[in-house]
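Colleague: Could we go through this model together? I would like to begin with the pockets.

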Amino acid sequence: MTAITKEPFLQVSGIGCSYSSSFTLAEQSFTLEKGQLLVILGPSGSGKSTLLQLLAGLLHPERGSIIMGGRRIHQLPPEKRGLSMIFQKPYLLPFLSVGHNVEIGLKLKGVKPKERKAKAEQLLAEVGLAGFYSRSLSSLSGGQEQRAALARSLIIEPELLLLDEPFSQLDPLLRRQMGSWLADLKRTREVPMIMVTHDREEAMTLGDRFLLVNQGKREQYGTLEDLYYRPASPWAAAFMGMDNRLRGIKLGSRVRTLFGELPLHPSLASLRDGPVQAALRSEWLILDSSSPVQGEVRRVSFRGDHTLLELEAQDEHLVMKLPGLVQHVPGQRLGIQYNRDELWCFPM
Ligand SMILES: Nc1ncnc2c1ncn2[C@@H]1O[C@H](COP(=O)(O)OP(=O)(O)OP(=O)(O)O)[C@@H](O)[C@H]1O
């Protein structure tokens with residue numbers, strides 16, 4: 001009997017483009033299921049918005065294909081693709097009320113006023129703006145405007161929602177609230193979403209899949225666990241906040257570092273023996289007065305819920321993350337231990 005494999009809801013295969021000779025977005029491929037959120041992460045200018053615009057149909061891909069719900073959509077104009085896009089700014093029309101802004105997509109489709117109003121009121125309630133239908137735009141806060149923009153996008157029942165740094169203009173508290181609210185929306189509506197963001201914390205809270213891009217090229221595609229524990233390159237490790245790099249020597253399934261001989265992560269077994277670069281998160285180092293590794297504190301930075309300690313030990317620069325406020329001072333010597341079973345490494 002032949003096994004039936006279900007096609008993913010969204011299948012993006014090898015899409016890319018160039019802006020003359022100035023920038024090339026190399027072929028990007030990924031899949032997404034209903035109810036999942038893909039985060040496109042990367043530094044400024046890495047090509048995140050370009051990729052989103054290719055998906056939206058605002059740019060034309062020079063190569064590759066986009067298949068959504070069994071339909072090939074990469075040759076279709078934006079309005080025929082069945083998706084909505086949210087930008088950094090809400091782009092609402094100031095001369096229309098909140099409700100009239102929200103229902104605009106239905107008006108363009110010729111839906112009758114009574115039906116439009118009922119749907120707009122329902123959507124406004126869903127985004128936490130119940131009773132706002134007749135309000136003027138000038139009476140809304142930034143977060144409320146962005147929610148109204150989301151209601152406007154959702155009213156046409158898109159098959160895919162594209163979000164280009166939707167909360168970057170909001171203050172940190174509001175940003176977190178909007179993030180939680182988007183997470184709820186993802187659960188209740190099951191609409192797949194693709195979101196561009198610079199914000200690692202926001203990305204980690206919301207994402208199911210992650211595409212990390214750098215200079216138009218894919219650095220890594222995977223789950224948060226992949227990016228967090230198994231970064232694909234030294235660049236990906238640095239971007240994901242793996243602060244420590246140590247010299248190491250790989251010998252079979254073990255790696256010799258200043259912390260002694262540690263087991264290598266099993267997925268790296270094919271790495272060639274010899275010099276390697278070990279990558280460690282700052283929270284994987286702990287204080288241990290009995291440790292033979294003694295470090296001298298160079299800098300102490302209190303960050304509210306944690307403190308970062310920078311130390312020098314055997315010509316290695318170490319960064320440790322300790323909970324809360326610690327009393328250590330520069331010049332002090334402290335015992336340090338590595339607190340995990342396996343080590344992640346890169347070839348030198
Ligand atoms: N219309 C255009 N014509 C020529 N070059 C462009 C155009 N749009 C973007 N670029 C260039 O392409 C590169 C990628 O831009 P893009 O906006 O996709 O990056 P990004 O990762 O979204 O950046 P940011 O996070 O700053 O918004 C940049 O070097 C940018 O200057």
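Colleague: What volume does the second largest pocket have?

Modeller: The model is a predicted one. In it, the second largest pocket has a volume of about 400 Å³.

Colleague: Which residues lie nearest its centre?

Modeller: The lining of the second largest pocket has 14 residues, and R200, M204, R281, H306 and K321 are those nearest its centre. Helix α7 (200–206) and strand β17 each supply at least two residues of that lining. The largest share comes from α7, with three residues.

Colleague: How does that lining divide into nonpolar, polar and charged residues?

Modeller: Eight residues of the lining of the second largest pocket are charged, three are polar and three are nonpolar.

Colleague: And which domains does that lining draw on?

Modeller: Domain 1 (10–230) and domain 2 (242–347) each contribute at least three residues to the lining of the second largest pocket. Those two domains are what the domain assignment gives for the chain. Their C-alpha centres lie 39 Å apart.

Colleague: What about the largest pocket: how much space lies in it?

Modeller: The largest pocket holds about 630 Å³ of space. Its lining is made of 21 residues, with E79, L83, S84, M85 and I156 nearest the centre. By class, twelve residues of this lining are nonpolar, four are polar and five are charged. Strand β6, helix α3 (104–108) and helix α5 each supply at least two residues of it.

Colleague: Turning to enclosed space, how many cavities of 30 Å³ or more are there?

Modeller: The count comes to one cavity of 30 Å³ or more. The space in the largest cavity is about 30 Å³. Its lining consists of M85, I86, F87, K89, P90, Q146, A149 and R152. Strand β6 (83–86) and helix α5 (142–154) each supply at least two of the lining residues, and α5 gives the most, with three. By class, the lining of the largest cavity has five nonpolar residues, one polar residue and two charged residues.

Colleague: Now the strands. In what order do the four strands of the open sheet come?

Modeller: The order in that sheet is β2-β1-β4-β5, with antiparallel pairing. Strands β2 (23–32) and β5 (71–72) stand at the edges with a single partner strand each, so one side of each has no neighbour in the sheet.

Colleague: How many bridges join β1 to β4?

Modeller: Strand β1 (residues 10–19) and strand β4 (residues 63–68) run antiparallel and are joined by five bridges. One of the residue pairings is that of L10 with its bridge partner M68 in β4.

Colleague: Let us move to β12. Which of its side chains are buried and which are not?

Modeller: The side chains alternate along strand β12 (residues 254–257): V255 and T257 point to one face and are buried, whereas R254 and R256 point to the other face and are not buried.

Colleague: Which residues stand opposite V255 and T257?

Modeller: V255 has K250 opposite it. T257 stands opposite G260 in β13. Strand β11 (residues 244–251) pairs with β12 in the antiparallel sense over three bridges. Strand β13 (residues 260–263) also pairs antiparallel with β12, over four bridges.

Colleague: What are the connections between these strands like?

Modeller: The hairpin of β11 and β12 has two residues between the strands, and G252 there takes a positive phi near 65 degrees. Two residues also form the link in the hairpin that joins β12 to β13.

Colleague: On phi values, what phi does E165 have?

Modeller: E165 is not a glycine, yet its phi is positive, about 45 degrees. E165 is placed in the loop between β7 (160–164) and α6 (172–189).

Colleague: Is E165 buried or exposed?

Modeller: E165 counts as buried because its relative accessibility is 9%, the cut-off for buried being under 20%.

Colleague: And D315: where does that residue lie?

Modeller: D315 lies in the loop between β17 (306–313) and β18 (316–323). D315 is not a glycine either, and has a positive phi of about 65 degrees. At 68% relative accessibility, D315 counts as exposed.

Colleague: One last topic: why is helix α1 described as largely enclosed?

Modeller: Seven of the nine residues of helix α1 (residues 48–56) are buried, so the rest of the structure largely encloses this helix. The buried residues are K48, T50, L51, L52, L54, L55 and A56. After α1 comes G57, with a positive phi near 90 degrees.

How values were computed
Residues are numbered from 1 along each chain as its sequence is written. This is a predicted model: local features need pLDDT of at least 70, side-chain atom pairs count only at pLDDT 80 or more; totals for chains, interfaces and linings use all residues. Side-chain values use heavy atoms; hydrogens and water are left out. Buried means under 20% relative accessible area, exposed over 50%, partly exposed in between (1.4 Å probe, protein chains only). Two strands pair if DSSP finds at least two bridges between them. On a 1 Å grid over the protein atoms alone, a cavity is a set of points where a 1.4 Å probe fits but cannot get out, and a pocket is an open set with protein on both sides within 12 Å along at least five of seven lines; lining residues have an atom within 4 Å of a point. Grid points are joined across faces, edges and corners, and a volume is the space filled by probe spheres set on the points. Ala, Val, Leu, Ile, Met, Phe, Trp, Tyr, Cys and Pro count as nonpolar, Asp, Glu, Lys and Arg as charged, and the others, Gly among them, as polar. Domain bounds come from an automatic or database domain assignment.
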